[in-house]
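This report describes the fold of one protein chain. It starts with a helix and then turns to the core, the strands and two loop residues.

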Amino acid sequence: MKETTNFPMWISGNYLSKYVKLFIFLLLILFSKSTFAENIQIEINDDETYSIEVARIDIGDTINWLSNGEGHNVEFFAGPDMTSLPKGSEIDADHSVMFNKSGIYLYGCIPHANTGMIGLVVVGGDLHNLEGIKNTQLSVVAKSVLERLLRTAQSN
Ligand SMILES: [Cu+2]
């Protein structure tokens, strides 16, 4: 009978390094932001604001808007694909949208968009449709809020 080693196979160098590599690989998967889709919560507040004015997310992430007040909703005004904007919500309803196309999305509250209740979602760090967003028809007040949000979106 052939005597090889006193140690069990798994503890020998080659096997151990394989397990270490596998372990590191699994850790990378666990901590990689892009591997698992995230859920981001945005509260719709009674002071006519969305709790996150400029949400930066990855493709495949979902935003959950939570109705936290009365008389508000979420309606999409512009996005990277103007022929298929995400669905809007009913007044006072919670709302969820999964974003599968990169670019900037502009949304707002139908009753209060004119007074500046708007928000941006930037998917995949992609600002290619910036001009389209800028050209969205809005009230003067909303336009100035949008300019501020776009400055935030463009910073770092
Ligand atoms: Cu509102």
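## The helix α3

In this predicted model, four residues of α3 are buried: A142, L146, L149 and A153. Viewed down the axis of α3, these buried residues fall within an arc of 65 degrees, so they line one face of the helix. That buried side packs against β2, β6 and β7. The face of α3 turned away from the buried side carries the exposed residues V140, S144, E147, R148, R151 and Q154.

What span should the 15 residues of α3 cover at 1.5 Å a residue? The expected value is 21 Å, and the end C-alpha atoms of α3 are 21 Å apart, which agrees.

## Overall make-up

The protein has three helices and seven strands. Along the sequence the order is α-β-β-β-β-β-β-β-α-α, so the helix described above is the last element in that pattern.

The protein has 156 residues, and 27% of them count as buried. Among contacts in the protein with a separation of 6 or more, 57% are between residues 24 or more positions apart.

## The nonpolar core

The largest nonpolar core has 30 residues. Within this core, the residues with the most contacts are I63, I104, Y105, L106, I118, L120 and V121. Two or more core residues come from each of β1, β2, β3 (62-67), β4, β6 (103-108), β7 (118-123) and α3 (140-154). The largest share, five residues, is given by β7.

Which residues does Y105 contact, once its neighbours within four places in sequence are left aside? They are F76, G79, L120, V121 and V123. Of these, L120 and V121 are also listed among the residues with the most contacts inside the core.

## The three-stranded sheet

Three strands form an open sheet in the order β1-β3-β5, with mixed pairing. The strands β1 and β5 stand at the edges, and each has a single partner strand, so one side of each is left without a neighbour in the sheet. On average, neighbouring strands of this sheet are turned by 20 degrees against each other, direction ignored.

In general, strands of a sheet pair through backbone hydrogen bonds, either parallel or antiparallel. Here β1 and β3 run parallel and are joined by six bridges. One bridge can be named: I40 has I63 in β3 as its partner. I63 is also one of the residues with the most contacts inside the largest nonpolar core.

## Two loop residues with positive phi

Two residues other than glycine are worth checking in the backbone. E48 has a phi near 65 degrees, a positive value. This residue lies in the loop between β1 (39-44) and β2 (54-57). Is E48 buried, exposed or partly exposed? E48 counts as partly exposed because it has 16 C-beta neighbours inside 10 Å.

D92 has a phi near 70 degrees, again positive in a residue other than glycine. The loop that holds D92 runs between β4 (75-78) and β5 (95-98). With 13 other C-beta atoms within 10 Å, D92 is partly exposed.

Terms used:
Residues numbered from 1 in each chain as written. Predicted model: local features only at pLDDT ≥ 70, side-chain atom pairs only at ≥ 80, totals over all residues. Buried ≥ 20, exposed ≤ 12 C-beta atoms within 10 Å, placed from the backbone. Core = buried A, V, L, I, M, F, W, Y, C linked by C-beta atoms within 7 Å. Contact = placed C-beta atoms within 7 Å. Pairing = 2+ DSSP bridges. Axes fitted to C-alpha atoms, helices over the stretch in contact; angles between N-to-C directions. Expected span 1.5 Å × (residues − 1). Arc of directions from axis to C-beta.
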